[in-house]
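I opened the model today to look up a few residues, one helix pair and the empty spaces. My notes follow in the order I took them.

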Amino acid sequence: MPSGYLFLVLHAHLPYVRHPEYDRFLEERWLFEAVTETYIPLIKFFDRLRSEGSKFKLTLSISPPLANMLEDPLLRQRCKRHLDLLVELADKECERTRHWQDIHFLAQMYRRLFDEARHTFVERCGTRLVNVFKEYADAGYLELITCAGTHGFLPLLNSEPRTVRAQVFAALHEHERIFGQKPKGMWVPECAFFPGLDSVLAEAGVRYFVVDAHGVEHAEPRPLFGVHAPVYCPSGVAAFGRDPMTSKLVWSTSVGYPADFNYREYYRDIGFDLEQEYMAPFQYAEGVRTPTGIKYHRITGAGQNKHLYNPDWASQSAEKHARDFVQRCRERAQRARHNMPFPSIIVSPYDAELFGHWWFEGPQWIYHVLRELAHGGELELGTPGEYLEAYPIQQKAMPAASTWGKNGYNEHWVNPKTEWMWRPLHEAAVRLRGVIDSRGDGASPLEERVLRQASRELLLAQSSDWPFIITNGTTEEYARRRFNEHVNRTHYLLDSLEQRQIDPTNLEAARVHGRDLPGAGLQALRVNGREAPSFCSNLLLSGPSNSHIPAAPAPVGAAAPTSQSAPNARGRSVG
């Protein structure tokens, strides 16, 4: 029996962005960048580990919005086009830098990486990354779990509890529809827990979730083993606490591994360094500079003077840091095990997009960590679901309200920049609930379609990405626009229902403008003991965020609906 287990948990999520009405749309790049820089490199290293005979274990949370986008034919086609553009740009760079040996070497490196990424995406995955993740889950390498429907910030949605339930059940429905299996666990968005959420998860059949360290450390009663063992909530769902040491080693931009001077500098990109005329053919919005992924410099130090990137030095640092991480985890697990009747655990959850996108060498680091631990010993790789099956007897305690955000609570999502958002969300949810209850089982098929679409719009408005982006000040205008569109469209649909002025053309434009995603929707949300499928409709029925349904007047904080803004969906997690 090992002294302990390491649970690497990667949370893959992006907000739902799909705009077929444009040939190119700036914010769709978020998906293409994540596919190119994070998901494909992870698959490549998974393939390498398997070919080497390394039996690794890893937990991967894929949110329903991301899973739907990864399966969408239009977005897959556009992702292929994005990879073709990157290869074309790298070819151009190889020609431009042919007289500068060191930079030319790096240009050739990117040319090779982009070509390999295109081959992996098209040939290895058939443009469907979901199938490869399913392949590794079926083979026992990955434990796939889901995330709340549209990544809603559940503690603040609980002012109308039925919407929390809809977020949870929508996620399970979408995960089973796309992956063909029920998930054992759920990534609670932003690790945001409140007492009572566990009861909803238990009703949905979720076995476990992850919270930040203080959620477990401040549980009632105080757990005997801290974050080194799960606790069972009164509902029977298990909570796993994030390990603070491993979090700091990877997340910290000052003392964590990604701050090593040998690693690639994220903020120096030819998309900003080279002439506008040269970069124009590769931009997604005219005159808007965006990262390309071709970066020739390493971190070097705190100043502006950056030296050229050396991939060999960076690879050596990644391997060294992986060995250091494994050794620290091994020692930590052994110390914790002395006072425990079963093996200790180290839960290390991270945003998946940290690896590769923000930390270029991150997938290499994961490869070396998994390879180091693949053959067992005092510290073994594992997953939360398997651990609960092997060691089902654990302490019972109610975790404390907590998040992995700034200062551990809600301030990154509700603050002076975002406080205007929560009243409209609550009012829309209360209104939708009232309309559903008043209709009972007597809604006509057309009215049912309106309710389903209104439910979808509300769920999309509830995404925690919109306040997150506004707080970070990155693509703030787009986040405001998306939030307002979904809230306003919810009210428009309910107005049309109450006034008996349903326009089937506009309704169809909202529902199937672009692509009609399959799935009949959730069948588990009940009101007063009866089924209410209209409210728990498929969270992503179809189409882009901006259908042809007229928008109501925008609430306070609204942004103009025409401009496209700078890249980067969520930035690094605030955890």
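**Entry 1: Glu457.** I looked up the contacts of Glu457, setting aside its neighbours within four places in sequence. I found His486, Arg489, Thr490 and Leu493 in contact with Glu457. The model is predicted, so I read each entry as a statement about a prediction. Glu457 sits in helix α17, which covers residues 445–461. Is Glu457 buried or exposed? I noted a relative accessibility of 1%. Buried means under 20%, so Glu457 counts as buried.

**Entry 2: the largest pocket.** Next I turned to open space. The largest pocket holds about 670 Å³. I listed 27 lining residues, and the closest to the pocket centre are Lys44, Phe45, Leu113, Phe360 and Gln364. Which elements give two or more residues to this lining? I wrote down α1 (29–51), α4 (101–124), α13 (311–337) and α14 (362–373). Helix α4 gives the most, with eight residues. I then sorted the lining of the largest pocket by class. It has 14 nonpolar, six polar and seven charged residues.

**Entry 3: α1 against α4.** Both helices appear in the pocket lining, and I checked how they pack. I noted an angle of about 75° between α1 and α4, with their axes 10 Å apart. The range for roughly perpendicular is 65 to 115 degrees, so α1 and α4 are roughly perpendicular to each other. Which residues meet? From α1 I have Val35, Ile40, Ile43, Lys44, Asp47 and Arg50. From α4 I have Leu113, Glu116, Ala117, Thr120, Phe121 and Arg124. By class, this contact has six nonpolar, one polar and five charged residues. I flagged Lys44 and Leu113, since both are in the α1 and α4 contact and both are listed among the residues closest to the centre of the largest pocket.

**Entry 4: Cys125.** I stayed in this region for one cysteine. Cys125 lies in the loop between α4 and α5 (129–138). Its relative accessibility is 6%, so Cys125 counts as buried. Which residues does Cys125 contact, leaving aside those within four places in sequence? I found Ile43, Thr120 and Val132. Cys125 and Ile43 are 82 residues apart in sequence, and their C-alpha atoms are 9.3 Å apart in space. I noted that Ile43 and Thr120 also belong to the contact of α1 with α4.

**Entry 5: Asp312.** I looked up one residue of α13 as well. Asp312 lies in that helix. Its relative accessibility is 53%, and exposed means over 50%, so Asp312 counts as exposed. I also checked Asp312 against Asn262, which is 50 residues away along the chain. Their C-alpha atoms are separated by 9.2 Å.

**Entry 6: cavities.** Last, I searched the whole structure for cavities. How many are there of 30 Å³ or more? I found 10. I looked further into the second largest cavity, which holds about 80 Å³. Its lining is Arg29, His82, Leu85, Leu86, Leu89, Phe282, Tyr284, Thr290, Pro291 and Thr292. Helix α3 (residues 73–96) gives the most to this lining, with four residues. By class, the lining of the second largest cavity divides into six nonpolar, three polar and one charged.

Notes. Residues numbered from 1 in each chain as written. Predicted model: local features only at pLDDT ≥ 70, side-chain atom pairs only at ≥ 80, totals over all residues. Heavy atoms only, no water. 1 Å grid on protein atoms, 1.4 Å probe; cavity = no way out; pocket = protein on both sides within 12 Å on 5 of 7 lines; lining within 4 Å. Points joined across faces, edges and corners; volume = space filled by probe spheres on them. Nonpolar A, V, L, I, M, F, W, Y, C, P; charged D, E, K, R; others polar. Axes fitted to C-alpha atoms, helices over the stretch in contact; angles between N-to-C directions. Parallel < 35°, antiparallel > 145°, perpendicular 65-115°, else oblique. Contact = heavy atoms within 4.5 Å. Buried < 20%, exposed > 50% of the residue type's maximum accessible area, 1.4 Å probe, protein only.
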